[in-house]
Amino acid sequence: MSMLGLLEDFDLWAGILGFLITFLIAIFSLYSYKLSKHRNQLFFSAGFLLVALGWLAGVIFNTYTEFEERQVLLRGYVQLPYALGGLLMLHMLLIIAGYLTIFIVNEKLKSRKTMFLLYLFAVFSVLVAHDFYFLYHLTVFFILSLVVNHCAWLYKEQRSTNSLLILLGFSGLLLSHGIMMFTPFSQEFYVTGNFIQIISFAVLLWALVRIYKRKQ
Amino acid sequence: MTVRRDKMMIIADILLALQSKHLKFTHLLYKSNLSHARLKEYLDELMQKQLVVELQTKEGKRYAITDDGAKFYAEYRRVNEFVKSFGL
């Protein structure tokens, strides 16, 4: 079996890990909201919950499709059965909406009109990404770059290990989507992107474990 | 710039002050940086929730943190670290 063959399930593992980690962050944030009653923590939790559900939809999609099928899909427009096509669109929509919500919380945006426009942009990008899949990665790349910018500012302010790990985790996710944009040229980009995604989620998990095991 | 403390931060400050030793009301007043009436309000609520107990000693009334109070404070610190790390 080729190296690529061994690595071809990476998207499935990245999806499973992505679902678990983002779900954990959502739960942690919800718990902190219950304690403090700060609404931004509730919205932050909602953002990560959307991302987690997006990953879940992605995992189900990957389970019902073969690696080769996915490669063809990533290279251009493919007519999928309604259920699978819907699942893929749901995966993209939830992930984009989730990261957008996290960005909105980070930037403390208050204007409902701006938020409406941003979510509308998410819906349109998913509709277009159905035919041009790389646009999904481009949109996520764009949103994540803003999230990473916030994390970098946080690290500069705090200089703590946890904020560094969170910065590295999100930067890794940003890089992975940047690499996966080039999947239409070669499937190596897809595998490399997923590999980086797994490492990034592991780094975020490490940050969560450090926070949870914090010495009192 | 000083940060205005919210209710949770004030409760955490009271519990932190009581973690090292049992304190008199006046000592707690200095440590928590609250007015008499506000501290009384907070202590009543904490005692009602069984996070703090009032003890009668030879030297007079003292306040102490309960096991539940210590657990609550530990959880608060954890959540606070999470909130700080993600910049919430």
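**Nonpolar patch.** In this predicted model, I looked up the exposed nonpolar side chains and found a surface patch of about 990 Å², made by A:Leu93, A:Phe116, A:Leu117, A:Leu120, A:Val123, A:Phe124, A:Leu127, A:Val128, A:Phe132, A:Phe134 and A:Leu138. I then asked which helices supply the patch, and noted that α6 (112-129) and α7 (134-158) of chain A each give at least two residues to it. The largest share, 7 residues, comes from α6(A).

I picked A:Val128 for a closer look, and placed this residue in helix α6 of chain A. I recorded A:Val128 as partly exposed, because its relative accessible area is 37%, and partly exposed covers the range between the 20% and 50% limits.

**Positive patch.** I next turned to the charged side chains and found that A:Arg39, A:Lys108, A:Lys110 and A:Arg112 gather on the surface in a patch of positive charge. Of these I followed A:Lys108, which sits in the loop between α5 (82-106) and α6 (112-129) of chain A. A:Lys108 has a relative accessible area of 51%, so I entered this residue as exposed, the cut-off for that word being over 50%.

**Helix α8.** I also checked the geometry of helix α8 of chain A, residues 161-180, whose 20 residues should span 28 Å at 1.5 Å a residue. The C-alpha atoms at the two ends of α8(A) are 28 Å apart, so the value from the model agrees with the expected one. How many of the 20 residues of α8(A) are buried? I counted 15 as buried, and noted α8(A) as mostly covered.

Methods: Residues are numbered from 1 along each chain as its sequence is written. Chains are lettered from A and ligands numbered from 1 in the order in which they are written. This is a predicted model: local features need pLDDT of at least 70, side-chain atom pairs count only at pLDDT 80 or more; totals for chains, interfaces and linings use all residues. Side-chain values use heavy atoms; hydrogens and water are left out. Patches are made of residues with over 30% relative accessible area and no salt bridge: like charges are joined within 9 Å, nonpolar side chains (Val, Leu, Ile, Met, Phe, Trp, Tyr) within 5 Å. Accessible areas come from the Shrake-Rupley method with a 1.4 Å probe; for residues, only the protein chains shown count as cover. A salt bridge is a side-chain nitrogen of Lys or Arg within 4 Å of a carboxyl oxygen of Asp or Glu. Lys and Arg count as positive and Asp and Glu as negative; His and the chain ends are not counted. The place of a charge is taken as NZ of Lys, CZ of Arg, CG of Asp or CD of Glu. Helices (H or I, at least four residues) and strands (E, at least two) are DSSP runs, numbered from the N terminus. Buried means under 20% relative accessible area, exposed over 50%, partly exposed in between (1.4 Å probe, protein chains only). The expected span of a helix is 1.5 Å times one less than its number of residues.
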